[in-house]
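Biologist: I am new to this structure. Please choose one part, look at it closely, and describe the chains around it so that I can place it.

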Amino acid sequence: MFPDDLRYSKEHEWVRVDGDGATIGITSFAADELGDIVFVEVPEVGAQLSQYGSFGVVESVKAVSDLYAPISGTVTEVNGALAEQPELLNTDPYGAGWIARVTMADAAELEQLLDSGAYAELTSG
Amino acid sequence: MSVIEREATGDQSGRGAAFSGAEGGGELQVVEPLIFAASRRGRRGVRFPAASERASAAAAGQPGIPAAARREVAPGLPEVTELDLLRHFNRLSHLNHAIDLGFYPLGSCTMKYNPKVNEWAARLPGLADSHPLDPAELSQGSLELEWLLAELLKDISGFAAVSLQPAAGAQGELTGLLMTRAYHRSRGEGEQRTTVLVPDSAHGTNPATASMVGYRAVTIRSNERGGIDLDALRGALGDDTAALMITNPSTLGIFEDQIDQVIAAVREAGAIAYMDGANLNAILGRFRPGEAGFDVMHFNLHKTFSTPHGGGGPGAGPVGVSERLAPFLPEPLPLLVAGDADEVRRNAWAGQSTDGARFALEEGGARPHSIGKIRAHTGNFGMFVRAYTYIRSNGAAGLRGVSDDAVLAANYLRVRLADAYELPYDRICKHEVVFSGRRQKREHGVTTLDIAKAILDHGMHPPTIYFPLIVEEALMIEPTETESLETLDRFAALMLDIADRAATDPAALKRAPETTPVGRLDEAAAARRPDLRYVPVRE
Amino acid sequence: MTYTPHTDADREQMLATIGVGSVEDLFADIPPTVRASRFALPDPLTEQEVRAELSRLADRNRIPRVSFLGAGAYRHLVPAVVGEVIGRSEFATSYTPYQPEVSQGTLQSIYEFQSLICELTGMEVATASHYDGATATAEAALMACRLTRRERIAVSTAVDPQVRRVLATYCAGPGIEIVDVPADLADGGTGLTPVDAASRALDDTVACLVAQQPNFFGGIEPMADLADAAHAEGAKLVAVVEPTSLAILAPPGSYGADLVAAEGQPLGIPLSFGGPYVGLMAARMDAVRQMPGRLVGATRDAQGRRGYVLTLQAREQHIRREKAASNICTNQALCALAATTYLTAVGPEGLREVAELSMIQARHTAQALEEAGLGRRRFAAPYFAEVAMQVPNAAARHAALAAHGIVAGHLPERDYPDLRDTLLLAATELTRDADIDGLVAALRATR
């Protein structure tokens with residue numbers, strides 16, 4: 001139900017590792033809870049993220065949620081498409097709805113995150 | 001799916017196919033065209049006289065407006081006739097539901113009947129044409145009315161002093177917290193008291209107001225009976241607490257039956273006890289917050305005291321305070337500067353003026369600890385006239401009867417609907433009752449939103465939905481005291497019917513509303529690609 | 001006189017359904033120690049009695065025969081059609097449009113209001129209104145602080161004193177510091193905000209410059225230059241404007257204002273001893289997510305019908321709670337509707353007529369006083385429709401005239417101690433030549 005190649009935080013963000021960079025976004029569970037997403041406040045390129053720190057905001061018609069970084073690192077790229085199409089977070093949260101790419105500060109942090117099975121358990125309660 | 005087929009660039013306003021110059025140019029159907037559609041070059045409404053020759057000649061002797069400061073292009077306001085304008089707004093008005101048309105059981109809003117004699121009073125030229133900065137001698141009527149209204153509100157609430165200045169309940173809250181801050185500073189505790197405690201059932205304005213004043217809002221959970229959890233409150237209270245903001249009865253419609261202990265705990269911690277007075281309609285003549293030990297409360301004249309909601313305002317949010325906060329009230333207060341207060345009141349209650357009585361606004365700087373002005377002038381005077389008229393019409397017995405009947409009606413609906421809908425707090429309520437649509441959602445996939453939309457097809461307004469946040473799929477019903485038993489029964493019958501249909505025909509509920517001028521609107525598109533104004537096409 | 005419909009039989013039936021013996025049982029959960037000990041209000045009144053009481057109070061006011069008083073609230077014609085529209089129950093007794101399907105009347109009229117305010121001000125987005133001009137200005141200043149992440153604001157002393165006091169109150173909460181920019185109020189001075197004084201007050205810690213056009217004394221400020229001074233330091237210009245003047249004066253959007261606030265009372269709203277009035281706020285679209293207050297947007301339903309909804313609500317208190325841009329819950333919907341009706345009733349030509357007649361009669365007044373040797377203009381700069389006249393012994397003469405039903409404008413010395421012997425006189429389209437004659441004659445009869 002949740003992609004196996006990703007790691008997940010308890011705050012419903014995901015991480016995909018490629019080399020010593022990583023891509024982060026929010027899970028389909030989070031997007032469903034929020035409803036139709038209307039706006040995403042993304043970090044700036046060069047911003048320093050620390051694990052579990054707030055790095056942006058997601059707004060839907062009826063709710064607002066902070067984004068919490070699943071890992072620490074420096075932002076190298078942000079998804080410009082989200083400005084025009086915030087609904088990508090609803091329709092393709094693990095693909096075209098990615099939020100930011102970061103260089104990882106400490107790969108060991110990934111150990112603290114959940115795999116797809118554990119995340120599925122967390123969200124089924 | 002986007003609203004209009006056009007490039008998505010920044011400001012989407014007014015450039016869609018349906019909005020250009022002439023109406024109906026695109027695929028959208030329009031219920032009522034914008035006023036701009038009736039605009040034609042050269043059409044006039046109200047006209048004004050020309051200046052006399054003498055006036056123009058005299059004016060020529062004074063400096064004109066420099067060219068650089070002048071407008072180059074006239075504003076794109078529509079050019080319409082008075083008839084077209086009136087038809088347009090009349091047709092628009094037909095698209096609204098209103099108290100004067102049907103039931104409006106919005107919890108927390110107190111949608112009671114707005115008496116028309118209040119409107120008559122507010123339109124009296126002697127009151128409507130009174131300039132706020134006229135010399136006091138010319139404004140004795142306005143000043144006396146404000147003074148008398150404050151006296152009435154003091155009596156109703158048991159507070160020592162009242163300011164009418166705040167323009168709305170939210171502004172009343174801001175005033176209350178600004179006074180709280182000033183109070184703590186005056187005692188050298190301004191730096192240490194940084195938090196405001198707020199129950200998890202609180203209205204969103206409470207934590208928002210706390211932020212505006214630089215406080216951190218700390219949420220206190222409710223207990224299983226729907227009141228604030230006293231242990232949790234005691235645990236959170238400390239010498240860093242500036243205030244507790246609590247609504248009583250709570251937003252669940254339940255009276256805080258430990259309110260005496262709550263207030264005692266707050267005061268013992270050296271903090272200010274703030275009561276959100278939104279639910280005053282439940283307790284008139286039964287509970288006077290000032291007497292019970294609260295330090296400050298805001299009134300909502302547009303809820304309890306029948307001033308009309310106007311589609312979203314104007315309202316008025318006067319505040320009552322205890323002695324210890326009185327020095328901090330906004331300025332200027334209207335004062336009785338000559339005459340005996342008891343005599344003036346006695347005479348006014350008998351419909352008479354008092355010889356030799358004189359009113360005036362406080363001198364600037366008279367109360368050095370005042371938090372200053374929260375808005376221009378002394379407040380929403382037009383709403384004071386209406387509220388004063390309402391309170392004088394009802395009198396003591398009438399107002400007590402308001403709460404009796406409001407509480408009776410809400411409990412009646414509670415019992416009528418308790419089998420069909422989940423009642424999270426199964427106990428006597430006050431003027432409003434909160435149900436949960438959770439059963440309908442779990443068993444049939446029908447949400448509280450669907451229930452609300454279904455009600456719209458029956459000439460009634462739905463209850464407040466999804467508030468308070470601590471109740472899943474919340475439905476907050478406040479009938480008020482001005483609805484007949486037949487109306488209450490019709491509403492109950494409708495709600496029971498909807499509960500049945502949730503089981504037998506949920507799809508119909510999800511299509512609702514079907515008989516209103518428009519159906520469910522795409523709010524996501526409205527927020528993603530905001531179209532917030534019409535840009536007239538220039539010839 | 002009460003408005004509840006219940007008979008004793010109705011009450012008995014409800015009590016029986018609830019299963020309690022009396023209404024008292026429904027209040028048994030109020031702890032005895034906090035039950036109300038008294039409720040000493042007057043007796044109820046019937047309609048004719050309450051009307052007599054309100055008439056008593058109305059008659060205790062003396063509405064002046066002749067008035068030149070402005071100072072932030074202006075006596076304009078309220079066209080009869082305005083009262084007709086806002087008197088409709090469907091507008092007056094409806095609630096905030098949270099269920100848009102049955103609120104299209106309110107929502108569309110707000111969309112039209114937002115559109116008209118943008119046209120008037122030359123800006124890109126306008127809110128559904130605020131409590132009054134003073135609070136709209138305060139909200140705009142706080143918004144500028146959020147946009148720039150700075151914690152100080154610069155305010156010209158030629159901004160309306162009540163607006164400045166409200167600014168001070170709103171800034172106290174978040175600890176925003178206010179720096180005064182002294183206007184040139186010396187006798188014979190410009191009566192305007194000197195651009196170099198503004199520049200001196202601005203630096204990269206200041207979020208905005210707040211300047212009023214026309215200013216409190218009616219003076220026409222160099223707004224474009226003030227905008228440049230603000231922008232040079234990365235600060236915003238908050239322009240506080242008077243709506244009828246925008247028929248004649250350059251709109252703030254054209255001279256670089258970032259935020260606009262205004263008191264909308266002159267647009268079809270009676271004086272009513274200070275309220276309810278209506279605050280206007282406008283900005284550019286790139287700042288919309290930091291804007292406080294309600295916004296109405298256009299959209300469609302599933303059947304392809306155009307409709308309007310409250311939008312961008314994630315900014316507001318009921319969702320954002322402690323992170324909201326402001327705590328605002330109400331706007332001033334019915335007053336905004338009055339303004340919308342007024343603007344469409346007078347149209348661009350009518351508004352221009354109002355502004356021009358106001359300007360001519362203000363100049364006529366100043367000229368008449370000067371020619372009669374009763375006073376002279378205190379400030380050199382051109383003015384819109386309000387003018388500060390130097391008149392010897394102004395305060396005493398003002399009081400003497402008031403006793404005879406003539407209000408000779410405003411005495412600014414209450415807020416500006418150096419402006420003794422000054423009358424601030426405002427004219428509108430309602431100012432008649434005979435009123436000016438009356439003022440001159442009355443002043444002549446005093447010393």
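Modeller: The radius of gyration is taken here over C-alpha atoms, and the rule for a globule is 2.2 Å times the number of residues to the power 0.38. The structure is a predicted model. For the 539 residues of chain B, a compact globule would have a radius of gyration near 24 Å, and chain B has 27 Å, which agrees. The C-alpha trace of chain B spans about 75 × 70 × 50 Å along its principal axes.

The part I choose is Tyr308(C), a residue that touches residues of chain B as well as of chain C. I start with the two chains and then turn to Tyr308(C) itself.

Chain B has 17 helices and 12 strands. Of its 539 residues, 67% count as buried. Among the contacts in chain B that join residues at least 6 apart in sequence, 73% are between residues at least 24 apart. The surface that chain B exposes comes to about 17,500 Å², with carbon and sulfur atoms supplying 48% of it. Chain B carries 56 positive and 68 negative side chains, and 4 Å lie between the centres of the two sets.

Chain C has 13 helices and 14 strands. Its C-alpha trace spans about 80 × 55 × 50 Å along the principal axes. Chain C has 447 residues, and 70% of them are buried. Of the contacts in chain C with a sequence separation of 6 or more, 70% join residues 24 or more positions apart. Chain C exposes about 13,300 Å², of which carbon and sulfur atoms supply 50%. Its side chains include 39 positive and 53 negative ones, and the centres of these two sets are 2 Å apart.

Chain C is divided into two domains: domain 1 takes in residues 66-76 and 347-444, and domain 2 takes in residues 80-342. The contact between them involves 30 residues from domain 1 of chain C and 36 residues from domain 2 of chain C. Taken over C-alpha atoms, the centres of domain 1 of chain C and domain 2 of chain C are 27 Å apart.

Now the close look. Tyr308(C) is in strand E10 of chain C, which runs over residues 306-310. Tyr308(C) counts as buried because its relative accessibility is 1%, and the cut-off for buried is under 20%. Leaving out residues up to four places away in sequence, Tyr308(C) touches Leu34(B) and Leu521(B) in chain B. In chain C, the residues that Tyr308(C) touches include Pro100(C), Gln104(C), Leu107(C), Gln108(C) and Tyr111(C). Val296(C), Gly297(C) and Ala298(C) are also among its contacts. For Gly297(C), which is 11 residues from Tyr308(C) along the chain, the separation of the C-alpha atoms is 5.6 Å.

Ala186(C) can be set beside this. Ala186(C) is in the loop between strand E4 (177-181) and helix H8 (195-201) of chain C. Ala186(C) is partly exposed because its relative accessible area is 42%, and partly exposed covers values between 20% and 50%. Apart from neighbours within four places in sequence, Ala186(C) is in contact with Arg378(C) and Phe379(C). The C-alpha atoms of Ala186(C) and Gly307(C) are 55 Å apart, and the two residues are separated by 121 residues along the chain.

A few backbone details complete the picture. In chain C, Gly275(C) and Pro276(C) are joined by a cis peptide bond with omega of about 5°. Pro276(C) sits in the loop between strand E7 (259-263) and strand E8 (279-283) of chain C. In chain B, a cis peptide bond with omega of about 0° joins Gly313(B) and Pro314(B). Pro314(B) belongs to the loop between strand E6 (296-298) and strand E7 (319-321) of chain B.

Two threonines of chain B deserve a note on phi. Thr110(B) is not a glycine, yet its phi is positive, at about 50°. Thr110(B) lies in the loop between helix H2 (82-93) and helix H3 (116-122) of chain B, and with 0% relative accessibility Thr110(B) counts as buried. Thr480(B) is likewise not a glycine and has a positive phi of about 70°. Thr480(B) lies in the loop between strand E12 (474-477) and helix H15 (485-504) of chain B, and with a relative accessible area of 1% Thr480(B) is buried.

Methods. Residues are numbered from 1 along each chain as its sequence is written. Chains are lettered from A and ligands numbered from 1 in the order in which they are written. Side-chain values use heavy atoms; hydrogens and water are left out. Helices (H or I, at least four residues) and strands (E, at least two) are DSSP runs, numbered from the N terminus. Buried means under 20% relative accessible area, exposed over 50%, partly exposed in between (1.4 Å probe, protein chains only). Contact means heavy atoms within 4.5 Å. Accessible areas come from the Shrake-Rupley method with a 1.4 Å probe; for residues, only the protein chains shown count as cover. Lys and Arg count as positive and Asp and Glu as negative; His and the chain ends are not counted. The place of a charge is taken as NZ of Lys, CZ of Arg, CG of Asp or CD of Glu. Domain bounds come from an automatic or database domain assignment.
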